[in-house]
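Please open the model in your viewer and keep the selection tool at hand. The tour below makes a few stops, and at each one you will be told what to select and what is found there.

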Amino acid sequence: MATSYSQQVVRSFLWQGGAQTVGQTVSWLATIVVIRFLSPADYGLMAMANVFLGFFFLFADLGFGAATIQASTLERDAIRRMFGIVLITHFGGCALMLVMAPLAADFFHEPRLALVIRVLSLNFLLVAAYTLPQAQVVREMDFRTKARIDMLAVVPAAVIALALAVAGFGVWALVAGGTITHAVKAIGYNLVRPLSLTPLLSWDAMSGLAQFGALVTLDRLLFFMYGQADIVIGGRVLGKEAIGLYAVALSLAVIPMEKILPVITQVAFAAFSRIQADVERVRRNVLRAVQLISLACFPAFLGMAAVAGDLIPVVLGPQWVGMILPFQLLCLTLPLKAVNTLFAPAILAVGHAGLNAANTAVALVIMTAGILVGVQYGVIGLCLAWVIAYPIVFLVTSWRSLRILGIPYSDFLSRCAFPTAASIVMAAGVLALRAALAPLGVSAIRLALLVTAGAVMYGGFVLLLQRPAVRDLVAVVRN
């Protein structure tokens, strides 16, 4: 049974990760081209709209999607009741967006924002159609099906967004891309997991699911406030051009985390939910995930910071050189965020949704204070707020999470020590090589040389000093 479970988890990672790699490769290429045709103001508008849109999406399913995955048993009538509630909340969210769009435009002092938000409100109706079918696919750990649908959703959205950007539609290229993604998912998930039932508008016999869903929703609300504090405060104080520059820097910096970690957290939540009664297995798998993610993310982010002086002008163009320092500062923080993300699915799977909400509240308070101070010094100050304040958040929340999971902090640190040290040495070597290659100037050739050198250095460190971890990873994949 253990072997079957392990194989199912690995297959889930490979299907979801492989399909997402293909889809996101197309998305990355399209995004790089789209950035060349859009302005920071376009991205600033979209960032402001997403703040408003994201806030109402927090309450759309009241956490019932997560409750569907985590529940050990799930009756048909409970699904009918959840379906009814999901429809009511999503349609209500759409209506509120239509009515309150002018208020958001007034808050950000940007009249164009109202129409953008109203068009994006259609996404509520699309998401309502696939929330529970998608949750059912994840609950069954059928990530082969999920991967195919997600890949099919990404590709047409990227292509259409690129076409509209080239045609000069500005921010509407970004709006269309997001809407098409949800439309394809709505069609795909309902084809593979049609609910085939009528919604039931009743809260009876749902107290357990409702309580879990409420804690998940509270955590999402706090996480949203914490995650969007920089955009809200920065957009209000700095304006759309500056916050657009910051938003693009952040979007580019988090590409490795946003494209890889969702695969891990989705599979991990479903996998940990299956073994929630075996606490020791949960602990072992959390530590294994920490080690593997540290081995991948620490060199990725520190390496990007080291080559940013070539990466930004070569990939995005000379008009974005002002983004280099913000990008580098953000990259310094992201390894900690990547590792910290791993704790939430384990804690949620074993039923401690309240702890996730408490951890997010801690992050919200500390980061908001840092951002309020940092934004007074422009975009650089906003980035420095993350560099200075987030390590404090990490220390507090990781300690609380590890304690509830019964994992000694020393064991956790031992899994992160090598990736941290090796990545710092690698980044220093890349910077030294960049200085030695100064006569070449900023060019694609020098960028390729720097990336190759960094990969060879770090890969050599891993093969020489971390052979047990490599053998462990190979064994897991072979199984």
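The structure on your screen is a predicted model, and the tour begins where helix α5 and helix α8 cross with a right-handed sense. To see this, select residues 113-120 for α5 and residues 171-192 for α8, whose axes come within 10 Å and cross at roughly 15°. Because an angle under 35 degrees counts as roughly parallel, α5 is described as roughly parallel to α8. Now show the side chains that make the contact, which are L115, V116, V119 and L120 on α5, together with V171, W172, V175 and T179 on α8. If you colour these residues by class, you will find seven nonpolar, one polar and no charged residues in the contact of α5 with α8.

For the second stop, select residues 324-340, which form helix α13, and residues 378-405, which form helix α16; these two pack at an angle of about 15°, with their axes 9 Å apart. That angle makes α13 roughly parallel to α16, while the handedness of the crossing of α13 and α16 is left-handed. Among the residues in contact are L325, P326, L329 and K337 of α13, and W386, Y390, P391 and F394 of α16. By class, the contact of α13 with α16 holds 15 nonpolar residues, four polar ones and one charged one.

The last stop is an open space, the second largest pocket, which holds about 320 Å³. Select α12 (279-316), α17 (409-436) and α18 (444-465), since each of these helices supplies at least two residues of the pocket's lining. Which residues lie closest to the centre of this pocket? Of the 14 that line the second largest pocket, they are P299, A300, G303, M304 and V451. Colouring the lining of the second largest pocket by class shows 12 nonpolar residues, two polar ones and no charged ones.

Technical notes: Residues numbered from 1 in each chain as written. Predicted model: local features only at pLDDT ≥ 70, side-chain atom pairs only at ≥ 80, totals over all residues. Heavy atoms only, no water. Axes fitted to C-alpha atoms, helices over the stretch in contact; angles between N-to-C directions. Helix = DSSP H or I, 4+ residues; strand = E, 2+ residues; numbered from the N terminus. Parallel < 35°, antiparallel > 145°, perpendicular 65-115°, else oblique. Left-handed = near helix turned anticlockwise from the far one by under 90°. Contact = heavy atoms within 4.5 Å. Nonpolar A, V, L, I, M, F, W, Y, C, P; charged D, E, K, R; others polar. 1 Å grid on protein atoms, 1.4 Å probe; cavity = no way out; pocket = protein on both sides within 12 Å on 5 of 7 lines; lining within 4 Å. Points joined across faces, edges and corners; volume = space filled by probe spheres on them.
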